[in-house]
Amino acid sequence: EDNLHRADLQASASCPEANGDSYLPAMIRIIFTDVLIAAHMFCMEKISTRSVSQRDIQRVFRLLPYFLSHVLQDDKHIGDTQRLKTGIYLSIAVVYYLRLPEVPTAKEDVCREMFVEHLPQGQDFIEAFNSTLNTFVTREHFRIPAGVALNQALKENIFAIVACVQTNVPIALIGAPGSSKTLSFHIVRDNLLGPSSPMDFCAKFDKVDSLFYQCSEHSDSNEIKRILDDAVARQAVYNRSNVDTTTSQSGSQKTGVSTKVRCVVLLDEAGLPKEDKSNMVLKVLHPYLDECKIAFVAISNRHFDSANQNRMVTVLRSVATHKDLITLAAGCMGPKYETAAEQTRLFVEGLCQGFLNIITEKSSVGNMFHYRDLVYLLRYIHCQQLTDDGPLVVNSEMLLRGLERNFNGIDTAQFQSLVETFFKAIRDKFDGTCFTLQRPDNFRSVLDILRSALSTGEGVIQRDSSGKPIVTGHPLAPRFKMVIDPTDDHSAIRLLQQTSLVDTSAN
């Protein structure tokens with residue numbers, strides 16, 4: 001680890017602003033140096049000395065001009081001094097703050113709150129970050145798919161991806177399945193289209209041209225290198241035509257619309273390739289991440305080794321808070337949730353608490369289910385009332401059927417225990433005075449659950465006359481089904497055929 005010297009950092013902090021002809025004032029330079037040193041040393045001492053490097057400092061300097069010129073330039077509510085301080089805080093947040101878990105974990109006794117308390121002017125830091133985040137990532141600025149909740153995790157993901165893609169700073173999103181990692185990238189990709197952006201706000205950013213690689217246990221370095229080389233070659237073509245950052249045109253074009261294009265490589269499930277000392281698959285990334293000729297986004301369920309992680313900004317998605325799950329639920333349940341009765345709100349709060357209790361269990365069941373299962377459960381409950389113009393009403397029968405459909409695939413005893421966990425969490429919200437668990441004979445058989453899930457009334461994928469897949473029923477309801485046949489002679493599959501649940505004659 002390179003030693004940090006205050007004098008060196010103060011000299012480096014005379015970083016030019018976006019217009020390239022002015023520098024940070026002396027007082028702001030001191031604040032910059034103090035905050036930067038505190039953030040760097042916190043991560044080095046609380047996580048490990050290998051968790052940070054000189055590259056992190058360089059990334060802060062790279063991000064600062066972007067925030068000043070593309071995020072804060074139109075903010076009329078802050079003066080020049082506060083604008084500079086906010087730009088510093090945002091750069092520190094992306095590089096250091098977002099890599100930390102929301103709450104301490106068994107492996108790391110560190111969290112974001114501790115980071116804020118350690119920083120000089122920590123309260124100013126977190127207020128500036130949250131304020132900018134909430135005004136930057138909104139439904140008025142980004143087109144967000146229907147049924148997707150704009151919670152804190154999704155906003156942080158989008159904010160960090162936009163910043164890193166626009167500056168060619170490599171970024172890794174790390175977290176459990178269903179924590180909006182891939183969704184966040186798709187939202188950024190579908191909104192950052194230059195002059196063709198669906199929202200005026202996104203037109204000022206460079207257009208994103210994405211190349212996708214799906215990793216697996218069998219991925220090799222040559223495959224990954226090929227996609228990276230393709231991106232570098234394509235970016236070179238764009239660079240020859242990328243003359244001005246923005247253009248001011250008459251007619252249908254808007255003032256301040258970016259005409260630049262940035263190639264970005266998305267490496268999905270980047271933690272899957274098997275690596276050992278004789279086969280370091282992801283080592284091929286090193287020169288591309290160091291040169292920063294293209295934008296790069298990696299998505300993984302687990303951390304990378306230090307050599308790769310030090311070359312990227314990291315956004316960590318740890319266990320969601322109860323408050324974040326409530327926001328998620330509100331988005332999935334639709335507009336009716338805003339006017340729902342108090343009893344319904346208590347139901348949803350208990351449901352979210354039950355989910356937290358499940359995923360934090362130290363058991364095979366807790367490791368099996370993730371946020372995506374909760375999302376589909378909430379969408380299932382929402383879809384049951386699409387034809388009802390009355391208020392949103394939920395009940396124990398609806399919950400049980402939703403759990404059977406979305407939290408199954410375990411043995412009967414485990415599932416009944418899981419159901420009791422959810423129902424107990426909801427009963428606790430009602431002080432134990434109502435909401436009793438359904439009797440065991442109300443549990444349906446596997447065939448009945450599968451038949452209901454495949455019914456057209458709840459949404460099913462079919463094909464039109466040309467063979468194109470179409471969805472009947474509500475678009476939020478369908479979910480792919482996986483049937484596991486534990487027999488050696490495929491008798492379970494034959495049973496599905498005999499009951500007409502599966503038609504194997506269709507292509």
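User: Which residues of strand β5 cover its two faces, and are they buried or exposed?
Analyst: This is a predicted model, in which local features need pLDDT of at least 70 and side-chain atom pairs count only at pLDDT 80 or more, while totals for chains, interfaces and linings use all residues. Residues are numbered from 1 along each chain as its sequence is written, and side-chain values use heavy atoms, with hydrogens and water left out. One side of β5 has Val261, Cys263, Val265 and Leu267, and the other has Arg262, Val264, Leu266 and Asp268; all are buried (under 20% relative accessible area; exposed is over 50%, partly exposed in between; 1.4 Å probe, protein chains only).

User: Why is β5 called largely enclosed?
Analyst: The strand spans residues 261-268 (strands are DSSP runs of E, at least two residues; helices are runs of H or I, at least four; both are numbered from the N terminus). It is largely enclosed by the rest of the structure because the buried count is eight of the eight residues.

User: Which residue in β6 is the bridge partner of Leu267?
Analyst: On the β2 side, eight parallel bridges join β2 to β5, and Leu267 partners Tyr213. Towards β6, the parallel pairing has four bridges (strands pair if DSSP finds at least two bridges between them). There, the partner of Leu267 is Ala298.

User: What is the hand of the β-α-β crossover from β5 to β6?
Analyst: The chain passes through helix α10, residues 286-291. With the strands pointing away from the viewer, a clockwise path from the first strand over the helix to the second defines a right-handed crossover. This one is right-handed.

User: Which are the edge strands of the five-strand sheet?
Analyst: The sheet is open and its pairing is parallel. Its order is β2-β5-β6-β1-β7. Strands that pair on one side only are β2 and β7.

User: Which residue of α2 or elsewhere does Ile92 touch, among them which Phe residues?
Analyst: Ile92 is one of the residues touching the most other members of the largest nonpolar core, which has 76 residues (buried Ala, Val, Leu, Ile, Met, Phe, Trp, Tyr and Cys joined through side-chain atoms within 4.5 Å). Not counting residues up to four places away in sequence, Ile92 touches Val35, Leu36, Ala39, Val60 and Tyr97. The Phe residues are Phe115 and Phe125.

User: Is Asn406 buried or exposed?
Analyst: Asn406 is found in helix α16. Beyond neighbours within four places in sequence, its contacts (heavy atoms within 4.5 Å) include Phe369, Asp373 and Arg479. Its relative accessibility is 5%, so Asn406 counts as buried.
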